[in-house]
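Visitor: I'm new to this one, so could you walk me through it? I'd like to know the reasons behind the labels, too.

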Protein chains: 2
Amino acid sequence: MHGFSDEERERIEERLVETGRELLRVYGPHKTNVKDITDPVGIAKSSFYLFFDSKAELYVEVVQRESDEFLADVEHELEGITDPQVALERLFRLYAEFAETNPLIQYREELLNSISPALLEELGTEQLADYEPIVESIQERSDGRFSEYEPATVLGVMGTIGYLAVHREELDAYREGYYEEVRELAIVALARGLTAPEV
Amino acid sequence: MHGFSDEERERIEERLVETGRELLRVYGPHKTNVKDITDPVGIAKSSFYLFFDSKAELYVEVVQRESDEFLADVEHELEGITDPQVALERLFRLYAEFAETNPLIQYREELLNSISPALLEELGTEQLADYEPIVESIQERSDGRFSEYEPATVLGVMGTIGYLAVHREELDAYREGYYEEVRELAIVALARGLTAPEV
């Protein structure tokens, strides 16, 4: 394909994703154009489209990759925790940290506007499927009510922590540190409420 | 003042707020202009500014009024409930309903863009102060951990239910009814987690 060997192709794709990820993090999706991504990789701008249909598709790849790394991190962090409430609280706290630093959250509106609804729906469905095993692994540690919830619904509830991060500035406008206070109480209350023993 | 008696002034202001509220609900803040509001009230467009400095200020009044009505409704609905978990769950459910139908949520971005940051901060602070007594009244029914939380932080946690409503479409894009499932589990888990007895 246009003179790229399979090996070169793989190496270039990898560098495009890494470069796109760095630029996305620093400048956001709109201020980054395709040439900004291909220049450091040393390929022509037109060659970009041999690898991705659009800039948005590269961003989806970046989001997926961040998400995979997050999941690997979570798996590692939850190892050896037997109490489902403790495990859930840890998961929610890691997710909050992830949401606070993730470019998908930071440049949420811009990204949502640049990615097509169909691609976005696919991404959402894939991500939920990727995250479900984490919830299931905590459910295996529980013999109480937590084991009965649908993993996707629990993930939706975890998503409220992500929305808090999305709206962080609004919360901090009320008073410094308000976001952190609210986040902490929400994390603790949700983890406790999802796992509290039946009375 | 321009030939309006005190009585007329009061009546006109009331009708401006009510007309603004209806138009805001149906058309949103951007598609509504000052003349759309003054015409049904029967005053000249220029007279609007004898009552409000800007359209945004009228909207703030509408938001305040919706909020006051919500609070009166909550107070009524919580009467006679002695269990803090039941009271909190009821409060969160009423708030979800309020958020789902409130023009402030429905036209959130537009309104946030049209109201100045200073006015917005004032509105946020006022609303928190208005809502705190509700949390305090539930805290009076509790001798457990719930009585120890700062009311403003509890309100921030309740706000996560509002953010869910803001992002309702995103959730329902995943699967029909997903928003409702997530909202229900979040409400129940938060109410339980905030009031669960110490172990």
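Visitor: What makes you say that the copies meet through the same surface?

Guide: This is a predicted model, and in it 100% of the interface residues of chain B are interface residues in chain A as well, so the two copies use the same surface to meet. Chain B brings 35 residues to the contact, and chain A brings 35 residues.

Visitor: How do you know how the two copies are related?

Guide: A turn of 180 degrees, with a shift of 0.0 Å along the axis, lays chain B on chain A with an RMSD of 0.0 Å. The copies are thus related as by a two-fold rotation axis. In chain B, Gly193(B) has the C-alpha nearest that axis, 1.8 Å away.

Visitor: Why is the pair Glu150(B) and Arg175(A) called a salt bridge?

Guide: The cut-off is 4 Å between a side-chain nitrogen of Lys or Arg and a carboxyl oxygen of Asp or Glu. For Glu150(B) and Arg175(A) the N to O distance is 3.1 Å, which is within 4 Å, so the pair counts as a salt bridge. The rule finds two salt bridges across this interface.

Visitor: Which helix gives the largest share of chain B's side?

Guide: That's α10(B), with ten residues. The side of chain B that touches chain A divides into 20 nonpolar, six polar and nine charged residues.

Visitor: How much area is buried between the chains?

Guide: About 3,000 Å², with carbon and sulfur atoms giving 64% of it. Tyr163(B), Leu185(B) and Arg192(B) supply 20% of what chain B buries against chain A, more than any other three residues.

How values were computed. Residues numbered from 1 in each chain as written. Chains lettered and ligands numbered in written order. Predicted model: local features only at pLDDT ≥ 70, side-chain atom pairs only at ≥ 80, totals over all residues. Heavy atoms only, no water. Least-squares fit on C-alpha atoms with pLDDT ≥ 70 in both. Contact = heavy atoms within 4.5 Å. Buried area = accessible area lost by both parts, 1.4 Å probe. Helix = DSSP H or I, 4+ residues; strand = E, 2+ residues; numbered from the N terminus. Nonpolar A, V, L, I, M, F, W, Y, C, P; charged D, E, K, R; others polar.
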